[in-house]
Amino acid sequence: MDLQTIATWLYSRERRATYGAVASVLDKTARELMSGHPPRNQKYSWIVALTTRSETCTRSDGTPFPKLRSRAGWPTGYKHHQMDRNCYLQARAGLDNVLKDGAALRQWLDERRRICSGIKHRGMRLRYESGDLAKSGRTCVRRSGIFFSKSIRPQHCKVSARSIH
């Protein structure tokens with residue numbers, strides 16, 4: 001598994017994980033995790049900081065002031081337009097649904113893989129976790145015996161498995 005795969009899972013399921021958790025799964029340090037990767041974009045915005053950190057800076061008149069380096073639950077260094085909208089809303093609301101350590105992230109990824117394996121091999125259909133399709137304005141499309149959720153922005157489809165029977 002690589003960083004792009006983990007970021008894709010987090011992005012498609014709208015779940016945040018800390019830099020440390022992702023680094024732990026990849027056997028890297030949190031500092032070297034994002035080095036050499038594409039510029040800040042919505043997919044990687046789901047990887048966030050664990051704690052709030054600041055440093056003391058000095059104004060031109062010599063007075064010190066604290067400057068935020070990272071905020072807990074927010075991706076470090078991202079501007080609002082670089083973040084995924086739903087990630088921004090979760091962080092702004094202060095939701096505590098962040099996968100904070102490597103073990104929790106591994107377990108979450110294993111569960112997602114098991115669900116998707118069941119969908120592909122056991123004739124299960126997809127359904128939005130958020131509830132009724134009619135309320136969300138999304139439709140359900142059938143392709144080769146499996147139901148897929150379709151929306152204006154399909155990358156934001158959150159799905160869960162449910163047996164047809």
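This report walks through the overall layout, the first helix, two unusual backbone spots and the largest pocket.

## Overall layout

What you have here is a predicted model. The protein contains six helices and eight strands, and reading along the sequence gives the pattern α-β-α-α-β-β-β-α-α-β-α-β-β-β.

Of the 165 residues in the protein, 35% are buried. The protein exposes about 10,400 Å², with carbon and sulfur atoms supplying 49% of that area. As for contacts, take those between residues at least 6 apart in sequence: 61% of them join residues at least 24 apart.

## The first helix

Helix α1 covers residues 3-13, and eight of its eleven residues are buried, so the rest of the structure largely encloses it. The buried set is L3, I6, A7, W9, L10, Y11, S12 and R13. If you're scrolling along the helix, note that the run from W9 to R13 is buried.

Right after α1 comes E14, which has a positive phi, near 50°. That brings us to the backbone.

## Two positive phi angles

Most residues other than glycine have a negative phi. E14 isn't a glycine, yet its phi is positive, about 50°. You'll find E14 in the loop between α1 and β1 (17-18). Its relative accessible area is 11%, and since the cut-off for buried is under 20%, E14 counts as buried.

D27 is another one to look at: again not a glycine, again with a positive phi, this time about 55°. D27 sits in the loop between α2 (19-25) and α3 (30-33). Is D27 buried or exposed? With a relative accessible area of 69%, D27 is exposed, because anything over 50% falls in that class. So the two loops give you one buried case, E14, and one exposed case, D27.

## The largest pocket

How much space lies in the largest pocket? About 780 Å³. Its lining is made up of 23 residues, and the ones nearest the centre are Y19, A30, R31, S70 and T76. The elements giving two or more residues to that lining are α2, α3, β3 (53-58) and β4 (64-70).

Sorted by class, the lining has ten nonpolar, eight polar and five charged residues. There's a link back to the backbone section too: α2 and α3, both contributors to the lining, are the helices on either side of the loop that holds D27.

Conventions
Residues numbered from 1 in each chain as written. Predicted model: local features only at pLDDT ≥ 70, side-chain atom pairs only at ≥ 80, totals over all residues. Heavy atoms only, no water. Buried < 20%, exposed > 50% of the residue type's maximum accessible area, 1.4 Å probe, protein only. Helix = DSSP H or I, 4+ residues; strand = E, 2+ residues; numbered from the N terminus. 1 Å grid on protein atoms, 1.4 Å probe; cavity = no way out; pocket = protein on both sides within 12 Å on 5 of 7 lines; lining within 4 Å. Points joined across faces, edges and corners; volume = space filled by probe spheres on them. Nonpolar A, V, L, I, M, F, W, Y, C, P; charged D, E, K, R; others polar. Contact = heavy atoms within 4.5 Å. Areas by Shrake-Rupley, 256 points an atom, 1.4 Å probe, with all protein chains shown as cover.
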